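Colleague: I have a model open and want to learn how to read its features. Can you take me through a few?

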Amino acid sequence: MKTRLQTSLGQQLVLTPQLQQAIKLLQMSTTELELEIAQAVESNPLLDWADSSDSSSASNEGSDGNDGNDGNDGDAPAERTDAGDDWAPAELDWSAAGSGGSFDDDDDTGSAAERVAETETLADHLLWQLHLSHLSSRDRSIGAALIDALDDDGYLREPLATIAETLLPAIHADEDEILAVLHRIQRFDPVGVAARTLGECLLLQLDVLAGDTPGLVLARQIAAGPLERLPRSGVAGLAHELKQPLDEVETAVTLLRSLDPRPGTQIAPLSQDTYVVPDVVVWRQNGVWRAALAAHAGPKVVIHRGYEQLIRRCGDADAGYLRAQLQEARWLLKGLQQRGETLLRVVRSLILQQASFLEFGEQALRPLTLREIATELGLHESTVSRAIARKHVRTPRGTLPLRAFFASGIDTEGGGEASSTAIQAMIRRLIDDENPRKPLSDAKLADLLKSSGIPVARRTVAKYREAMNISASHERVRIA
């Protein structure tokens, strides 16, 4: 069953099994991707490792081999030169950076501490999106309470009245106000999260499909009403109940079955002992920041030419099996190619937006949201969120999560914005330089920031200080 997905550019994408696989690959971390590829090679005889002894008889069909880079933009010079490189990772094998625009980045380089992966849960993923949203502090508090109430599948099982009770006495909110914030969270990634019923979860996913998707109108009607009766009455009984043609009901049911009834499981926490393997390498060349996929971020598998040729010589039954495996192999390679292309596009947009951050550090991080990057690239916000989820980039400042390039903002007196990360860095610098006999209070820190053109309240300073695990002023008093 094929459906269509509407992108922000108005393009029609066929929502087929291969597109669903591409979405799954996009949100995987490098560790998860390597496991997925290994399992695919194990189960599919048409797939083979690119560096295996049979690679000479393998075909790289289904991928253009460029890992999302056309090789003509100079991002990956074929050989290393000392002249003109402001910064270049010395341990990289620059001779390996050909037209593929990718580099070998050995896992044993860099600090071991910076290579430990952060453990991200569904709540972490949603809270990060919440803090990047243009919401008031009150709405963010309500949103945090809603996210905290979600179960592992991403459903909100608690009634809104219970959520209202958990907010007391700090916030007195009625159910309508909580519902308005819930609707905002329901637009976060993964699509379908924060639903209260299965029908609502499926309706949220149907809402992102194009209006001309086959079976969409009827699928919405089923999800909003007789969905729970489907297992008992069957498609024929449902068609009789809705007084609709059987084939149209079958199309709608097929569309519903293609959706994810447990969207929360898409964000599974990594093991705490998982080490970071950077997906992208960023360096500065002739004053311009460049980016290229690391070698391990590109496809490692190819289609085995020997088995592919065997299809023409074997019987119908065997040929049918091999053709199906060949199609799955092509889908996987295409999905890997699309993953690399999307990731590289997002990273290049990020380094263009946050060049000052790469140059000067956290104090120069400008406010940036998922929506801005999505609008610039013509992608959906959830696609950008998937692209950066648990992905890391190797920079001259170390190995950083791509999430570090995003930050919410606060209006400054000069008419611009300062990111929350930059403000935290300023607070840390002020505290580092304070008189140890007379530490700066939160009110004094707020005054100093205001004198720098950043008007923040004392409670905001306290929140940022606590987020950085810095003690209050009376606990920081020490004899120098």
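**Burial and salt bridges**

Modeller: Start with burial. Leu135 has a relative accessible area of 14%, so Leu135 counts as buried, the cut-off being under 20%. Keep in mind that this is a predicted model.

Colleague: Where is Leu135 placed in the chain?

Modeller: In a loop. Helix H3 (122–132) comes before that loop and helix H4 (137–148) after it.

Colleague: Which residues does Leu135 touch, leaving out those up to four places away in sequence?

Modeller: Leu130, Arg140 and Arg184. Look at Val181 too. Val181 is 46 residues from Leu135 along the chain, yet their C-alpha atoms are 9.0 Å apart.

Colleague: Now salt bridges. How many does the structure hold?

Modeller: There are 15. To read one, check the distance from N to O: a salt bridge needs a side-chain nitrogen of Lys or Arg within 4 Å of a carboxyl oxygen of Asp or Glu. Asp151 and Arg157 form one, with 2.9 Å between the closest N and O atoms. Arg157 is exposed at 52%. Asp151 is partly exposed at 23%.

Colleague: Arg196 and Glu200 form another. Is Glu200 buried or exposed?

Modeller: Buried, at 16% relative accessible area. Arg196 is partly exposed at 33%. Their N to O distance is 3.0 Å.

Colleague: What does the salt bridge between Glu241 and Arg229 tie together?

Modeller: First the distance: 2.4 Å, N to O. Glu241 sits in helix H9 (residues 230–242), while Arg229 is in the loop between helix H8 (216–224) and H9, so the pair links parts 12 residues apart in sequence. Glu241 is partly exposed at 36%. Arg229 is partly exposed at 28%.

Terms used: Residues numbered from 1 in each chain as written. Predicted model: local features only at pLDDT ≥ 70, side-chain atom pairs only at ≥ 80, totals over all residues. Heavy atoms only, no water. Helix = DSSP H or I, 4+ residues; strand = E, 2+ residues; numbered from the N terminus. Buried < 20%, exposed > 50% of the residue type's maximum accessible area, 1.4 Å probe, protein only. Contact = heavy atoms within 4.5 Å.
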